[in-house]
Amino acid sequence: MTQITLPRPDDWHLHLRDGAMLRAVAPETARHFGRAIIMPNLVPPVTTGAEASAYRDRILAALPEGARFTPLMTLYLTEETDKDDLVQAHREGIITAVKLYPAGATTNSASGVRDFDKVRPVLEAMAENGVPLCVHGEVVDADVDIFDREAVFIDRVLDPIRRATPGLRVVMEHITTAQGVDYAREGGPDLGATITTHHLVINRNAILVGGIKPHYYCLPVAKREEHRLALRRAATSGDPSYFLGTDSAPHLDPLKENACGCAGCFTATNTLSILAEVFEQEGALDRLSAFASLNGPNFYGLPVNSDKVTLTKGDPVTYPAKIDTADGPVTVFDPMMPLHWRVE
Ligand SMILES: NC(=O)N[C@@H](CC(=O)O)C(=O)O
Ligand SMILES: [Zn+2]
Ligand SMILES: [Zn+2]
């Protein structure tokens, strides 16, 4: 096969940031994707319907002329979240989902949830009103090894929340483990999971072998090879539980190449070429559309995009090593392999 055509893909987990960074990265996603779930972890976070609406306007203003890209907004869940404002923002179509960050788990998560009992009434209102909860699934307890934080979160936090809140629709964001893959598969129609592009490509060696490679550091941190292989089987299976959420998470290079570097891989620029390469390696090009274009809208109850994208196989594609923002450069994720699929 040298050409594939799919319904225009969507990105069900994306960081666009704000200001100069937003203006630089929004066109990178809008070039290939129809919609994206926009993460609310700005500083300060997007916590109210009014803030989500204003942020959506800033995103639309940052898009190139003629772009057909729809940002799907989220609210950042805090222990102070006003459930009436949340439900109203969802009814009015301002927000598509709500994001749960355990406090301290990742970039800009200090305002996240510490005591899960405090958000129980909000979660119940979300279940009643069909508002999906997107979850960064890692515990932050100092005694839990960073490579175990996702698996422990499933047992200690996620499973109890789901049992206590029947009907709550949950997306396990950026799963990185075989345990995440298994839990998502067995969770029924109210549970889905996003998988990033980079976790299909790298295992934890990418971060540490031959020196510290800050551009491969993200959260949840990449795990052992057996977990990467489980993610590849899941993503390429066609199973409706799994869909693409790139978690493209730009940080300025000086903040990554730093004694305390930020977590996040910036993959918006070359994601579709990487995915086509991965799916071809797995003999699953015919299932790329399920993962990138169909399963996400089906989970969220949205129509599949009506326009198409075509990828053509040929000589290795070129893409910039970095993109420029008015505040400095951002390194594009290097998949450490040639990419042969060009997006037309
Ligand atoms: N994935 C990351 O490593 N970083 C994300 C936050 C997140 O998605 O956890 C970011 O905002 O930079
Ligand atoms: Zn996260
Ligand atoms: Zn993220």
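In which loop is M336 found? In this predicted model, M336 is found in the loop between strand 12, residues 328-331, and strand 13, residues 341-343. The phi angle of M336 is near 60°, which is a positive value in a residue other than glycine. M336 is exposed, because 10 other C-beta atoms lie within 10 Å of its own, and a residue counts as exposed when that number is 12 or fewer.

A positive phi in a residue other than glycine also occurs at H174, where the angle is near 35°. H174 lies in the loop that runs between strand 7, residues 170-172, and helix 6, residues 178-186. The surroundings of H174 include 28 C-beta neighbours inside 10 Å, and H174 therefore counts as buried, the cut-off for that class being 20 or more.

Two cis peptide bonds are described next. The bond from V43 to P44 is cis, with omega near -5°, and P44 is located in the loop between strand 3 (35-38) and helix 2 (49-62). A cis peptide bond also joins L219 and P220, with omega at about -10°; P220 belongs to the loop between helix 7 (205-208) and helix 8 (225-235).

L219 is also among the positions to which an unreviewed UniProt entry assigns the feature "binding site", together with H15, L16, R17, N41, H136, H251 and A263. Of these annotated positions, H15 is placed in the loop between strand 2 (11-14) and helix 1 (19-30). H15 counts as buried because it has 25 C-beta neighbours inside 10 Å, and, when neighbours within four places in sequence are left aside, H15 is in contact with M39, S248, A249, P250 and G264. A263, which the UniProt entry likewise lists under "binding site", is placed in the loop between helix 9 (253-256) and helix 10 (271-281). With 16 C-beta neighbours inside 10 Å, A263 counts as partly exposed. Residues up to four places away in sequence not being counted, A263 touches T106, T107, Y217, C218 and L219, and L219 is itself one of the annotated positions.

Helix 10, which follows the loop that holds A263, is largely enclosed by the rest of the structure, because nine of its 11 residues are buried. The buried residues are T271, L272, S273, I274, L275, A276, E277, V278 and F279. These buried residues of helix 10 pack against helix 8, helix 11 (288-300), strand 10 (308-313) and strand 13, the last of these being one of the two strands that flank the loop of M336. Helix 10 is followed by G283, whose phi is positive and near 65°.

A further packing arrangement involves helix 3, residues 83-91, and helix 4, residues 120-129, which pack at an angle of about 25° with their axes 10 Å apart. Helix 3 and helix 4 are therefore roughly parallel to each other, since angles under 35 degrees count as such. The crossing in which helix 3 passes helix 4 is right-handed. On the side of helix 3, the residues that meet helix 4 are K83, L86, V87 and H90, and their counterparts in helix 4 are P121, V122, A125 and N129. By class, this contact of helix 3 with helix 4 comprises five nonpolar, two polar and one charged residues.

Notes. Residues are numbered from 1 along each chain as its sequence is written. Chains are lettered from A and ligands numbered from 1 in the order in which they are written. This is a predicted model: local features need pLDDT of at least 70, side-chain atom pairs count only at pLDDT 80 or more; totals for chains, interfaces and linings use all residues. UniProt positions are given in the numbering used here, feature names are shortened, and annotations may be inferred rather than shown by experiment. Helices (H or I, at least four residues) and strands (E, at least two) are DSSP runs, numbered from the N terminus. Two residues are in contact if their C-beta atoms, placed from the backbone, lie within 7 Å. Axes are lines fitted to C-alpha atoms, for helices over the stretch in contact, and angles run from 0 to 180 degrees between N-to-C directions. Angles under 35 degrees count as roughly parallel, over 145 as roughly antiparallel, 65 to 115 as roughly perpendicular and the rest as oblique. A crossing is left-handed if the near helix is turned anticlockwise from the far one by less than a right angle, and right-handed if clockwise. Ala, Val, Leu, Ile, Met, Phe, Trp, Tyr, Cys and Pro count as nonpolar, Asp, Glu, Lys and Arg as charged, and the others, Gly among them, as polar.
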